[in-house]
Amino acid sequence: GICGNKAGQQGTLTITENDNGDKCENSGNITGTDCGGICGPGVGYYGGDVDINNCINSGTIDPDNGGICGPYASHREGTLTIDSCENQGVVNLGGGGICGAYCCGGAALNTVDDIDSAARPSGDVTITNCSNSGEIKADDSDDGTGAGGIVGKFAARGYDVSNDESWARKTLIIESCSNSGEITGIGSDHCGGGGICGSYAF
């Protein structure tokens with residue numbers, strides 16, 4: 001809605017309200033692959049430093065996408081701070097009201113053969129004073145599709161290159177955030193949605 005792919009790559013970016021108090025807002029539906037209402041995927045890519053404050057999304061969020069940031073936030077050692085942002089839109093499977101799937105995650109895929117480089121480390125993500133009021137959807141499949149009110153599926157999970165068969169636990173801080181949206185869908189033990197985090201967090 002505001003920035004595209006890899007916003008803040010190797011630089012510094014701040015998105016916030018203006019001097020008149022007008023907030024950045026997206027009301028369009030967030031459709032397609034790897035999309036976000038304010039920023040696209042890979043916010044803070046390659047060591048970027050990004051601050052996002054006082055933004056609102058009211059558009060429906062397609063699977064794996066995010067209301068404020070798209071998937072793979074802080075990918076490759078970025079730093080992302082999100083404060084006082086709000087999602088009001090429906091969060092579909094795997095998506096997140098604030099950040100999409102793989103927030104603070106090093107790699108999206110599960111096997112050594114799927115990793116296309118020697119290292120895909122994540123960075124640090126801090127989310128404070130954010131809220132979701134949109135419906136959160138889950139289903140009864142076994143592929144980790146449960147959405148989250150704040151972050152989507154596989155939050156803070158990344159591939160640990162020091163151990164080919166383990167997943168590294170990455171640094172994701174979520175503080176003073178809330179959800180008032182209804183969690184709907186069948187939801188299995190593995191894939192049910194969450195008010196704060198989607199399926200397979202950490």
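Colleague: Which residue in β3 is the bridge partner of Leu13?

Modeller: The model is a predicted one. In it, β1 and β3 are joined by 4 bridges and run in the parallel sense. One residue involved is Leu13, and its bridge partner in β3 is Val50.

Colleague: In what order do the strands of the open sheet that holds β1 and β12 stand?

Modeller: This open sheet has 5 strands with parallel pairing. Its edges are β1 (12–15) and β12 (172–175), each of which pairs on one side only. From one strand to the next the twist averages 5 degrees. The order is β1-β3-β5-β7-β12.

Colleague: Which residue in β5 is the bridge partner of Asp51?

Modeller: Strand β3 (residues 49–53) and strand β5 (residues 79–83) run parallel and are joined by 5 bridges. Among the partners, Asp49 is matched with Thr79 of β5. For Asp51, the bridge partner in β5 is Thr81.

Colleague: Which residue of β13 stands opposite Ser131?

Modeller: A further open sheet has 5 strands in the order β2-β4-β6-β8-β13, with parallel pairing. Its edge strands are β2 (24–26) and β13 (178–179), and each pairs on one side only. Strand β8 (residues 131–132) is joined to β13 by 2 bridges in the parallel sense. Opposite Ser131 in β13 stands Ser178.

Colleague: How many residues apart in sequence are the parts that the pair of Lys153 and Asp64 ties together?

Modeller: A search of the whole structure yields 1 salt bridge, and the side chains of Lys153 and Asp64 form a salt bridge at 3.4 Å, N to O. Lys153 belongs to the loop between β9 (136–137) and β10 (157–159), whereas Asp64 belongs to the loop between β4 (55–57) and β5, so the parts tied together are separated in sequence by 89 residues.

Colleague: Is Lys153 buried or exposed?

Modeller: The cut-off for a buried residue is under 20% relative accessible area. Asp64, at 23%, is partly exposed. Lys153 has a relative accessible area of 10%, and therefore counts as buried.

Colleague: Which residue's side chain does a polar contact of 2.7 Å join to that of Asn87?

Modeller: Asn87 is placed in strand β6 (residues 86–87) and counts as buried, at 0% relative accessibility. Leaving aside neighbours within four places in sequence, the contacts of Asn87 include Gly59, Ile61, Gly97, Ser131 and Asn132. Asn57 is also one of these contacts. The side chain joined to that of Asn87 by the polar contact of 2.7 Å is that of Asn57.

Colleague: Why is there no bond between the sulfur of Cys55 and the closest cysteine sulfur?

Modeller: Cys55 is buried, with a relative accessible area of 1%. A disulfide requires two cysteine sulfur atoms within 2.5 Å. The closest cysteine sulfur to that of Cys55 belongs to Cys85, and the pair is too far apart for a bond because the distance is 4.5 Å.

Colleague: How many disulfides does the count come to?

Modeller: Cys99 is another buried cysteine, at 0% relative accessibility. The sulfur closest to that of Cys99 is in Cys103, at 4.0 Å, which is too far for a bond. By the cut-off of 2.5 Å, the count of disulfides comes to 0.

Terms used. Residues numbered from 1 in each chain as written. Predicted model: local features only at pLDDT ≥ 70, side-chain atom pairs only at ≥ 80, totals over all residues. Heavy atoms only, no water. Pairing = 2+ DSSP bridges. Axes fitted to C-alpha atoms, helices over the stretch in contact; angles between N-to-C directions. Salt bridge = Lys/Arg side-chain N within 4 Å of Asp/Glu carboxyl O. Buried < 20%, exposed > 50% of the residue type's maximum accessible area, 1.4 Å probe, protein only. Polar contact = N/O pair within 3.5 Å; in protein donor to acceptor, adjacent residues only side chain to side chain. Contact = heavy atoms within 4.5 Å.
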